[in-house]
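Trainee: I'd like a close look at one single part of this model. Pick it apart for me and tie it to its surroundings.

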Amino acid sequence: MHKLVCSAALALTLATTPAVAQTIQPTDANAHVGQAVTIEGIVSEVHVAQRSDTTFIDLGGEYPNEAFTGVIFSEDESKFPDVQNLTGKKVNISGTISLYKGRPEIILHSADQLKAP
C-alpha cells in the first residue's frame with residue numbers, strides 16, 4: 001500500500017510540475033520553431049515600430065540581420081517598463097518560437113518571459 005501511495009504521489013508531482021524550457025542561443029532558434037524554449041543572448045538593439053508601437057528586442061545582430069527577435073505588442077508594453085535599457089545586456093527570453101516572414105521570434109505577453117540575469 002505504501003508503494004502505491006508513493007507512486008501516486010510521484011505521478012501527481014510530475015504531472016503538475018511545469019517542464020523546464022531548454023536554453024538555446026539566438027542563432028539556434030530556427031531549429032526550434034514550435035517549441036517552448038529560453039533564448040539566451042546579448043541584446044543587439046531595441047526599437048519601436050512607429051506605425052504599430054510594437055517593440056522589438058533583437059538578439060544576434062541588428063535589424064534586418066538579427067538572428068532572433070522578442071516582440072512586445074503595444075497592449076503589453078506597460079508590462080516591460082525598462083525594455084529600452086536592455087541594449088548590450090544579457091537576457092533570457094522564454095516562450096514558444098514562431099516564424100514571422102521566415103524569421104524566428106517569441107511574442108512576449110508577460111514580464112516573466114523576459115529576464116536580465
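In the hairpin of β6 and β7, which residue takes a positive phi?

Mentor: That's Lys101, with a phi near 55°, in a hairpin that has two residues between its strands. Before we dig in: this is a predicted model, where local features need pLDDT of at least 70 and side-chain atom pairs count only at pLDDT 80 or more, while totals for chains, interfaces and linings use all residues. Residues are numbered from 1 along each chain as its sequence is written, and side-chain values use heavy atoms, with hydrogens and water left out.

Now, β7 itself. The strand covers residues 103–107 (strands are DSSP runs of E, at least two residues, numbered from the N terminus), and four of its five residues are buried. Buried here means under 20% relative accessible area, exposed means over 50%, and partly exposed is in between, using a 1.4 Å probe and protein chains only.

β7 has a neighbour in each sense. It pairs with β6 (residues 98–100) in the antiparallel sense over three bridges, and there Ser98 stands opposite Glu105. With β4 (residues 68–72) it pairs in the parallel sense, again over three bridges; Val71 has Ile107 as its bridge partner in β7. (Two strands count as paired if DSSP finds at least two bridges between them.)

Arg103 of β7 makes a salt bridge with Glu66, 3.9 Å from N to O. The two lie 37 residues apart, with Glu66 in the loop between β3 and β4. A salt bridge needs a side-chain nitrogen of Lys or Arg within 4 Å of a carboxyl oxygen of Asp or Glu. Glu66 counts as buried because its relative accessibility is 8%, whereas Arg103, at 33%, is partly exposed. The structure holds three such bridges; another joins Lys90 and Glu40, also at 3.9 Å.

Next, the inside. Ile106 is among the residues with the most contacts in the largest nonpolar core, which has 19 residues. Such a core is a set of buried Ala, Val, Leu, Ile, Met, Phe, Trp, Tyr and Cys residues joined through side-chain atoms within 4.5 Å. Strands β2 (36–48), β3 (55–59), β4 and β5 (90–96) each supply at least two of its residues, and β2 gives the most, with four. Ile39 touches Ile106, and its other contacts (heavy atoms within 4.5 Å) include Leu59, Phe68 and Ile93.

How values were computed: Lists of a residue's contacts leave out its neighbours within four places in sequence.
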